[in-house]
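Colleague: I'm new to this one and would like a close look at a single part. Could you pick a spot and walk me through it, then show me what sits around it?

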Amino acid sequence: SKELAFSHDLQLDLCSVLDWTKTWQLSVNLNKCNVLKLGFQGRDLNHSYVLDDSNIENVNSCSDLGIVMSSNLNFSEHCGKLVSAASRKVGLTYRVFSSRSKKFMIDMLKGQIRPVLESNTEIWSPLNKQDIDRIENVQRSFTKRINGLWNLSYRERQNFCEIETLEMRRLKRDLVL
């Protein structure tokens, strides 16, 4: 069948890659090798691939260059990871520094928090409302804790701090790309 031929061809390609690495005296870390099938619902999901007599593990999601991707190209797991990392930085900022001045806090947001939430968004930009809100809530709650801004709406805090929503920043970066 077509699926079996595809799996066979892919296995041959993997063997060719392994032969090439041996020719050039390169090693492959088999512990870091996974099979992530993207949109292959109709194909044999149980087919296993082999490298150097070791089975390669089939996974539902994997991390590549720090970006967590699932088999359905949903980046919710990645968004959760980023929100968690950014929230830790927010907590650290509030524990370590006593200043809550607007300038200092906005500099911390721009220099320490936002880069975590915006790294490589051209690749993984969130698609569903829940992920968009989870990411935006980091900035929303951070600005709420700046002295004198706790009682303002998010839009008013944005205007006061002269910042945009993270969603708008992602949209602009996508357009530039």
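Modeller: Let's start at S125, which you'll find in the loop between α4 and α5 (129–144). Keep in mind that this is a predicted model. If you set aside its neighbours within four places in sequence, S125 is in contact with R170 and D174. For another bearing, look at I135, 10 residues apart from S125 along the chain: the C-alpha atoms of the two are separated by 11 Å.

Now step back to T121, which has its place in helix α4 (residues 121–124). Is T121 buried or exposed? It's buried, with a relative accessible area of 0%; the cut-off for that word is under 20%. Leaving out neighbours within four places in sequence again, T121 is in contact with R170, R173 and D174. So R170 and D174 turn up in the contacts of T121 and in those of S125.

R173 is a handy way onward, as it belongs to helix α7 (residues 166–176) and also takes part in the contact between α3 and α7. There, R114, L117 and E118 from α3 meet L166, R169 and R173 from α7. Sorted by class, that contact has 2 nonpolar, no polar and 4 charged residues. The axes of α3 and α7 come within 11 Å and cross at roughly 55 degrees, and the two helices are therefore oblique to each other. The crossing of α3 past α7 is right-handed.

Follow α3 and you'll meet another helix, α2. Helix α2 covers residues 76–96 and helix α3 covers residues 102–118; their axes come within 9 Å and cross at roughly 155 degrees. Angles over 145 count as roughly antiparallel, and that is therefore how α2 and α3 stand to each other. This crossing, too, is right-handed. On the α2 side, the residues in contact are L82, V83, A85, A86, K89, V90, T93 and Y94. Facing them from α3 are M105, M108, Q112, I113, V116 and L117. By class, the contact of α2 with α3 has 11 nonpolar, 2 polar and 1 charged residues. Notice L117: it's listed in the contact with α2 and in the one with α7.

Let's turn to the strands. Strand β4 (residues 61–64) and strand β5 (residues 67–70) pair in the antiparallel sense over 4 bridges. If you want one pair to look for, C62 has M69 in β5 as its bridge partner. The hairpin of β4 and β5 has 2 residues between the strands, and L65 takes a positive phi near 55 degrees there.

There's also an open sheet of 3 strands, in the order β1-β3-β2, with mixed pairing. β1 (34–36) and β2 (49–51) stand at the edges with a single partner strand each, so one side of each has no neighbour in the sheet. From one strand to the next, the twist averages 45 degrees. β1 and strand β3 (residues 54–59) run parallel, joined by 3 bridges; N34, for instance, has E57 in β3 as its bridge partner. Lastly, helix α1 (residues 2–23) lies across β2 and β3, running at about 10 degrees to β2.

Definitions and conventions. Residues numbered from 1 in each chain as written. Predicted model: local features only at pLDDT ≥ 70, side-chain atom pairs only at ≥ 80, totals over all residues. Heavy atoms only, no water. Axes fitted to C-alpha atoms, helices over the stretch in contact; angles between N-to-C directions. Parallel < 35°, antiparallel > 145°, perpendicular 65-115°, else oblique. Left-handed = near helix turned anticlockwise from the far one by under 90°. Contact = heavy atoms within 4.5 Å. Nonpolar A, V, L, I, M, F, W, Y, C, P; charged D, E, K, R; others polar. Pairing = 2+ DSSP bridges. Buried < 20%, exposed > 50% of the residue type's maximum accessible area, 1.4 Å probe, protein only.
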